[in-house]
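Here's a quick walk through one protein model, written for someone who would rather look at it than read tables. Have the viewer open as you go.

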Amino acid sequence: MPAGRSTPWARGPHAAILLAVVTGGLFSAGMQVAAQQLPSAPSVPWTAPARLHLTPPPEAPVLNRVDASEPLSLAALIDLAEQRNPETRAAWQQARQAAAARGIARSALLPTLTGLVIGQTLRNGILFNTEFVRQTEGILEPALDLEYTVFDWNGRLDALRAARYDLYGANFSFNNVHLQVIENVCSSYYSLLNSQGQVAAALINLENARNVSSQVDARLEQGLATLPDALEARAAFAQAQYELANLQGAQSNAQAALATTLRLPASTVLPVVPLAALAPPSALVDTAEDATAVALRNRPDLLRQETRVAAADQRIRQARTAYAPQITFSGNWGRVRAYGEQDQLAGIYAATGVWNAQLNLKWTLFDGGRRANEVARAMAEKAASQAELDADRDRIEDQVWTAYTNAQTAFAQQQAAEALLAAAQSSYAAATQAFTYGVRTLVDVVTVQRTLAQARSQEVTARTNLFQQVTQLSFRTGELLRAHAGPTVLPPTTAPPAPETVSPQPGGVAPPDNRTQPRPNGGE
């Protein structure tokens, strides 16, 4: 650029272009900053910048197609939900993160080997006698550098143990997501069965009301019934039509809820195995105390919290090792090729092997209380995790007790509903026969008909509620995961080996106490 204060370039069109570019850049930056700020008042919504570009979500993978030619069982619905649910994929990736973190912690037990090539050139003046002589050097050195912590009072092993328990916790979280998905599918499935059963019962009630209305109309033509009787029968038939339409709407909503649970469009109609094809649950044989003990062994959310306590305990041990000295080794080996020359002298080449070995003892004597605070933080973390664990145990015991009581009640209600339905059917048959002979009035027949309709509805509700409550008890005890364990859950396994000899397979180590363990890495 020309020098001087009055050069043509500074006063020409280039200056205007430069000013426009700078002004436009400042204006654009100001607009971006303004778009990132909150509105001036809470009554004004935030306006997104026009140039806000977000990464579009990737297309969901095409998974199992729904075969609508055959009714889907509960197991098939659960398998479909587990494959399509994004929450299971997110939990699986989180478990893989924990597996990678455990691998990172394990790598600290091994030395670090680094290959490097050093290229250097320098020129300086060295004092020789009474004058400085310019000297030029060029160096090329390929080398291997080795670093290793020889002894650290098991600090790395404590970190590895903590990472292992973190992996267990992530795996139990993964299992807990599957447990939630299974429970959601079961709840939606039995809700749909209840709606279908209610519609089927309403159709029977509608047919009964139509028959009664037809009989009354026939008797009215023969002069054996009055017009109020016919109007009463027609009203009962209209009421049955209204109830059927209401229940059909509820069935459509239940069908949409099941499809949504499976991550399918709400308009998807899924044929499912009907309620009549399901064997009734067996009676409860265990006590509430037995069910609570099973829950304390199997619930993945409780086991996840137990692993947090165990990991916090290992972190306390790791934090305390910082008070002890550490012994480290470092060394390198390489080959140096150098060139050097001085003024008025000939240059010279040289090549030789070089190595260096060093053993260090490091002991931190004062750090301003950092180590003490790290120990205090780790102890507070364990205390908080233990308190949460105690709260979870109390919560689970209450949940299991409530679910057990509800299951017992459901068994009793189902038996009573069956007896009530049988009695209502007999009463309805006797009332209609007596009405034909003129012994009973139409009011009696309509009353018995409504009682029968209510008994049918209660019997369907009692049956589906029994399935729901037994499933809920299995969900609260954690047995629902074992009952519907798919290929993503391993069978019970034995306790793992000691942390020092654990195989470094991420996600493939089984937790103790014969608990179910996922394979977040797909079986690596």
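The notes below cover the nonpolar cores, a strand hairpin, a surface patch and a few unusual backbone angles.

## Before you start

Keep in mind that this is a predicted model.

## The main core

Let's begin on the inside. In soluble globular proteins, nonpolar side chains tend to be buried together. Here the largest nonpolar core has 32 residues, and Leu77, Val185, Tyr189 and Leu262 are the ones with the most contacts inside it. Which elements give two or more residues to this core? They are helices H3 (74-84), H5 (155-221), H6 (227-261), H10 (442-477) and H11 (479-483). H5 makes the largest contribution, with eleven residues.

Leu77 is a handy residue to click on. Setting aside neighbours within four places in sequence, Leu77 is in contact with Leu72, Val185, Tyr189, Leu258, Leu262, Leu270 and Val272. Apart from this core there is another one, made of 17 residues, including Val216, Ala230, Tyr428 and Val446.

## The S3-S4 hairpin

Now over to the strands. S3 (residues 326-342) and S4 (residues 348-362) run antiparallel and are joined by 15 bridges. To find one of these pairings, look for Asn332, whose bridge partner in S4 is Asn356.

The two strands form a hairpin, with five residues between them. In that turn, Gln344 has a positive phi of about 65°.

## A nonpolar patch outside

Not everything greasy is tucked away. Leu113, Leu144, Leu146, Trp333 and Trp355 form a nonpolar patch on the surface, and together they have about 610 Å² of accessible area.

Take Leu146 as an example: you'll find Leu146 in strand S2 (residues 131-151). Is Leu146 buried or partly exposed? Leu146 counts as partly exposed because its relative accessibility is 30%, and buried would mean under 20%.

## Two asparagines with positive phi

Most residues other than glycine have a negative phi, and most peptide bonds are trans. Against that background, two asparagines are worth a look. Asn129 has a positive phi of about 65° without being a glycine, and Asn154, also not a glycine, has a positive phi of about 65°.

Where are they? Asn129 sits in the loop between strand S1 (112-128) and S2, while Asn154 is in the loop between S2 and H5. Asn129 is exposed, since its relative accessible area is 68%. Asn154, at 40% relative accessibility, counts as partly exposed.

Conventions. Residues are numbered from 1 along each chain as its sequence is written. This is a predicted model: local features need pLDDT of at least 70, side-chain atom pairs count only at pLDDT 80 or more; totals for chains, interfaces and linings use all residues. Side-chain values use heavy atoms; hydrogens and water are left out. Patches are made of residues with over 30% relative accessible area and no salt bridge: like charges are joined within 9 Å, nonpolar side chains (Val, Leu, Ile, Met, Phe, Trp, Tyr) within 5 Å. Accessible areas come from the Shrake-Rupley method with a 1.4 Å probe; for residues, only the protein chains shown count as cover. A salt bridge is a side-chain nitrogen of Lys or Arg within 4 Å of a carboxyl oxygen of Asp or Glu. Helices (H or I, at least four residues) and strands (E, at least two) are DSSP runs, numbered from the N terminus. Buried means under 20% relative accessible area, exposed over 50%, partly exposed in between (1.4 Å probe, protein chains only). Two strands pair if DSSP finds at least two bridges between them. A nonpolar core is a set of buried Ala, Val, Leu, Ile, Met, Phe, Trp, Tyr and Cys residues joined through side-chain atoms within 4.5 Å. Contact means heavy atoms within 4.5 Å.
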